[in-house]
Amino acid sequence: MSEPSPAVAAAIEGELRLLDPAVRASADLLADLLHPEFREIGTSGRLWDRESIIEALTADDAPRPGPLTASRMRGVELGPDLVHLTFDTESKGLRSHRSSLWRLTGAGWRLYFHQATPFGARPPADGRAPNGE
């Protein structure tokens, strides 16, 4: 497998930082990684914007998930300033397929859009659904 491009590597680094509980608990660190026009469709289907996700993640009573592990992370440059990442996460037995768009800004790579879709069983090694879809 070849090394990722510098743009894909930067997006992967940013995504891994966002999985860090210390980053998720810091409004300043989150603000550094989220694009001003950030939007997310969460695992519950809820729509989030930059301000609401920062507020929810950093609230004193915010749930603190256990360690979040990422697997099968892949990226592709869609243009000189846009990277698409896909990966899976697992925390306390809850698994999600994830998709992120990272945009290059004057301040560096920022997460522009994120979507998480929960799934039950571990996918087959070839990534295909059991019915071949």
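This is a short guided tour of a predicted model, stop by stop, for use with the structure open in a viewer.

The model being predicted, local features are reported at pLDDT of at least 70 and side-chain atom pairs at pLDDT 80 or more, while totals for chains, interfaces and linings use all residues. Residues are numbered from 1 along each chain as its sequence is written, and side-chain values use heavy atoms, with hydrogens and water left out.

Begin with the whole protein chain in cartoon view, where there are four helices and six strands, arranged along the sequence as α-α-α-β-β-α-β-β-β-β; helices (H or I, at least four residues) and strands (E, at least two) are DSSP runs, numbered from the N terminus. Of the 133 residues in the chain, 32% are buried, where buried means under 20% relative accessible area, exposed over 50% and partly exposed in between, with a 1.4 Å probe and protein chains only.

Next, select residues 69–79, which form strand E3, together with residues 82–91, which form strand E4: these two run antiparallel and are joined by eight bridges, and strands count as paired if DSSP finds at least two bridges between them. A hairpin of two residues links E3 to E4, and to look at one bridge in particular, pick Ser71, whose partner in E4 is Asp88.

Moving on from E4, select Lys92 in the loop that leads to strand E5 (94–105). Lys92 counts as exposed because its relative accessibility is 68%, and its C-alpha atom lies 8.1 Å from that of Leu68, a residue 24 positions away along the chain.

Now go to strand E6 (residues 108–119) and select Phe113, which is partly exposed because its relative accessible area is 24%. Its C-alpha atom is 5.6 Å from that of Phe38, although the two residues are 75 apart in sequence. Beyond the neighbours within four places in sequence, Phe113 is in contact (heavy atoms within 4.5 Å) with Phe38, Arg39, Ile41, Ser99, Ser100 and Leu101.

For the last stop, show the side chains of Arg46 and Trp48, where the charged end of Arg46 sits over the ring at 3.7 Å from its centre. A charge is taken to sit over a ring if NZ of Lys or CZ of Arg is within 6 Å of the ring centre and within 35 degrees of the ring normal. Then select Arg103 and Tyr112, where Arg103 lies over the face of the tyrosine, 4.7 Å from the ring centre.
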